[in-house]
Every structure is written in C-alpha cells, then in structure tokens.
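Open the model in your viewer and keep the selection panel at hand. The tour moves from the ligand to the empty spaces and ends in a loop.

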Amino acid sequence: MEFQSVKKLRGEVRVPGDKSISHRAVMFGALAKGKTQITGFLRGADCLSTISCFRQLGIIIEETPDTITVHGKGLLGLHSPADTLDTGNSGTTTRLLSGILAGQNFTSILNGDASIQSRPMKRVITPLSQMGASIRSINGNDCAPLEITGCPLHGISYRSPVASAQVKSAILLAGLYADGETSVTEPALSRNHTELMLESFGADIRSNGLTATVKPNPALSGMSILVPGDISSAAYFIAAGSLVPDAEILIRNVGINPTRAGILQIAREMGANITLFNEKREGEPTADLLVKSSSLHGVTIGGDIIPALIDELPIIAVMAAAAEGTTVIKDAAELKVKESDRIAVMTENLSAMGCDITATEDGMIINGGKPLQGALINSHSDHRIAMSFAVAAMIADGKTKIQDADCVKISYPAFYKDLNKLVKS
Ligand code: S3P
C-alpha cells in the first residue's frame, strides 16, 4: 500500500474497542454463569481468535453488529475441544487461555501463526507448572504449540521476572482453580484489566502495590460490559495530530486507565498539545482527547512507565524521529518478543527513511529532527509497525510503500479508512 505526505488533518475519530478488555470480556464471560453482553467489542482478528477458541470449548457466543453475547457456563463449564485451538497472532489469547486450560479436566492443544510459534511461552509454562499443571511445548522450544492437561492446582506466590499482564493474568486465572490463594508480584505494574474485571464479575481479588492476589473457586456472574476505545489505537492519531503541520483531531471515548496511559505523559513531556475532555472515572476511566500540531523534543523513556506504554513504543519512536534532539528508550527489552522484534524492525525501517537511530539491548537511541524520506517499509506482518509507518509517511518527503499493510486487521481493521477521513487538502 502507498502513502504520501499530508499537510492538514481535521476532524473526529472514534477508535475501536480496547483489545485487552475485549479478550477478557469474552474469556471471563465464558467462565461466569449466565449472559455477558459486550458493547464496543473490538472485531479485530486477535479478539475473533478468542471468540473462536471459546466456541471450540463449547461456549455459545452470539454476534450482532452492536453486541457480543457470551452464554457463560461457570468455571467448570468448558468442554474438551475436538481440534487444536487456533490462537492466530494473539499472545493474549495464547497466554491467558493457557492459565484457564491448566485448571480443566481435559487435555487441549494450543497453536497459532508463525509469530506465535516463535514467542516465548516459558514465562507461563514455569509458573503454571509450579501450580501443578501439566503443560508442554510440543516442539521442545518453549514456544507454541502447547499441550495442556488440566490438573488439580495449588495456590502459589509467584515473583514474575517480567512486568507482563499476560503472565500475571494467566497465573491469576489458573488461581481461580487452585486449592488456596494465588498471588503474583511483578517488577513494575503492568495493565490491571484482569484485576478490575474479575472483581466486577464477582471474584475475590485484591491488588496491593505490585502484588495481585486471588482466592479460588468464586461464583462469577455474567454482566454487561462497555468496552472503551483502545488508547493503543488512539496513539497513532495522537502522533499524527502532533506531527502533521496543520492538525487538529478529536479522539472520542479513549480508555485512559493509568496502567495504559503512559503515552499521554510522554507525548506531553515531548511537547505535544493534548487536552482531555469529558473525563469519566467509574470503572475503566475514559476521556475525549483533542490533539493539535506541536513541535516536539527528545526525552528519555525508561523505568516503571515502560509497561504503561509498551505497545506504543513503535509510534513513540516515530514521534522521536521527528522531534528535535535525542530520545533514549531503555528498559524495554520486551519489545524484542512482541509480534515482531520491534527494536530491530523499527531501527531497520526508520533508518530506511533516513532517521539516525541505533538499536540497543533494551531499546533505541534516536537522534531526531532530520527530515524523513519516503521508503519501502517491511511491516514484518506486525500491525503496530504498519500503523506507525502510515503515520511516519505523512511527514516524509516522497512516497512510502508499506509491505503487508493489511496486517492492521489484527487490532484496527478500519485504520487506513479512519486516518484518510481526516486528511484535508
Ligand atoms: C496485553 C499485555 C501486553 C501487551 C499486549 C496485550 C494484554 O503484553 O503488549 O499487546 O492484553 O494482557 P505483555 O503482558 O506480554 O507485556
């Protein structure tokens, strides 16, 4: 797909539902008794993989254009799947489902696409095995396909070496099936949607600093869930609105949970002009964001904020390429094990556009401010890379071509349409 520079952006956008919350709404709805009605569900390929896995596990899920209805059968209501469960490109589906399957009384096999088959699963195999689960990487490389045989589980207190909501959630979900309390302590706080949502479904779950603790065997009941817009999708409009010379964009109904909203803090530190309106603070907090053109400058990004903007680092790197001065991104080695190695892939593609960028062990150093040139971009089939370079192309001289641009269907199928609607001549 081809892109070129843009001088003016105006208008309003409503980004699709939050991916993390959409996955969890289906999963927890399946484990609850009764109906869970989900409005604002993200119909991206990742969340559709979650729906199809739960259908294979015997859960009836109805879809209309506006709502998804999950007919939950309780903690022990899943049945043995006839086939391998296909998690597609979705790390969240693979890891959270591993935690749930560890507590069932049947065996299942989980597998996904080439990217999933190279992503690290030892991070869930280790704690789930400590709880008593029988979980095996079939190819012996600590990646999917995984064979999981449900077993009686024991509660554990686990110190996770990584700040990962997928690891934390897999353990807490297995903890629902354990014989005692289960707690997870992380090195820095990752997104807390599992803790917030399981509590509203009726689980006994507490958070205390970096530790989350769940009691087993709750009676979860179906509920209505309104999924807020995904800040990870809004991030591309925050960047486009900041970088394009004459821009003013209103992004409606964005989830601003503090464990996710690191980009707002960093973009503002870089000099972005972002105003929040209509803030709502119950449950998952939301706001409308007004973004206007601004001149950005380099910053240092590292430490505890990293989990709160981990998925936004590719687009933040694009902002850094356009910002005056040096941006250092550190403590972000997790980028190497996302849908692609996002340190290598951002360095490859921003270099192709003429940016002065160096990959480091745990991040990138970007000397910004040099004009970007249109280039051939290899998305490595990573949705967040494709969307980041569609924005970079708006401020680059000449044409940019993005290979496999269609991979945005993973998290934002209408992305190019929504972005193009804002372009004014
Ligand atoms: C997610 C957690 C993050 C994030 C991913 C979604 C989730 O991964 O990168 O896109 O829904 O729990 P990690 O928990 O592995 O950091």
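Start with the ligand. The space it takes is the largest pocket. This is a predicted model, and the pocket has a volume of about 530 Å³. Helices α1, α3 and α5 are the elements that give two or more residues to the lining of this pocket.

Next, select Ala163, Arg191, Ile310, Asp311 and Lys338. Of the 35 residues that line the largest pocket, these lie nearest its centre. Colour the whole lining by class: 17 residues are charged, ten are nonpolar and eight are polar.

**The shell around the ligand**

Now narrow the selection to the residues around the ligand. Pick Ser20, Arg24, Thr92 and Arg95, then add Ser164, Ala165, Gln166 and Arg191, and finish with Ile310, Asp311 and Lys338. By class, this shell has five charged, four polar and two nonpolar residues.

Show the helices as ribbons. At least two shell residues come from α1 (19–31), at least two from α3 (91–101) and at least two from α5 (165–175).

Which atoms should you pick for distances to the ligand's oxygen atoms? Take three stops:

- Ser20: a polar atom of the side chain is 2.7 Å from a ligand oxygen.
- Lys338: here too the side chain is the part to show, with an N or O atom 2.7 Å from an oxygen atom of the ligand.
- Gln166: turn on the backbone, where a polar atom lies 2.9 Å from an oxygen atom of the ligand.

Then switch on the ligand surface. How much of the ligand does the protein bury? Taken alone, the ligand exposes 380 Å², and the protein buries 95% of that.

**The second largest pocket**

Move on to Leu226, Pro228, Glu282, Gly283 and Glu284. These lie nearest the centre of the second largest pocket, which is lined by 18 residues. About 460 Å³ of space lies in this pocket.

Select α6 (193–201) and β14 (224–226). Each supplies at least two residues of the lining. Helix α6 gives the most, with five residues. Colour by class again: the lining of the second largest pocket has nine nonpolar, five polar and four charged residues.

**The cavity**

Keep Pro228 and Glu284 selected. Both also line the largest cavity. Add Asp18, Ile21, His193, Ile231 and Gly255, then Ile256, Asn257, Arg260 and Pro285, to complete its lining. How many cavities of 30 Å³ or more does the structure hold? There is one. The largest cavity has a volume of about 50 Å³. Its lining has five nonpolar, three polar and three charged residues.

Rolling a probe the size of a water molecule over the atoms is what reveals such empty space.

**The loop between two strands**

Last stop: leave the pockets and go to Asp142, in the loop between β8 and β9. Check its backbone angles. Asp142 is not a glycine, yet its phi is positive, at about 65°.

Follow the chain on to Pro145. Pro145 sits in the loop between β8 (134–137) and β9 (146–149). Is the peptide bond from Ala144 to Pro145 cis or trans? That bond is cis, with omega near 5°.

Both stops are worth a look because most residues other than glycine have a negative phi, and most peptide bonds are trans.

Technical notes: Residues numbered from 1 in each chain as written. Predicted model: local features only at pLDDT ≥ 70, side-chain atom pairs only at ≥ 80, totals over all residues. Heavy atoms only, no water. Near = heavy atom within 4 Å. Polar contact = N/O pair within 3.5 Å; in protein donor to acceptor, adjacent residues only side chain to side chain. Areas by Shrake-Rupley, 256 points an atom, 1.4 Å probe, with all protein chains shown as cover. 1 Å grid on protein atoms, 1.4 Å probe; cavity = no way out; pocket = protein on both sides within 12 Å on 5 of 7 lines; lining within 4 Å. Sits in = over half its atoms within 2 Å of the grid points. Helix = DSSP H or I, 4+ residues; strand = E, 2+ residues; numbered from the N terminus. Nonpolar A, V, L, I, M, F, W, Y, C, P; charged D, E, K, R; others polar. Points joined across faces, edges and corners; volume = space filled by probe spheres on them.
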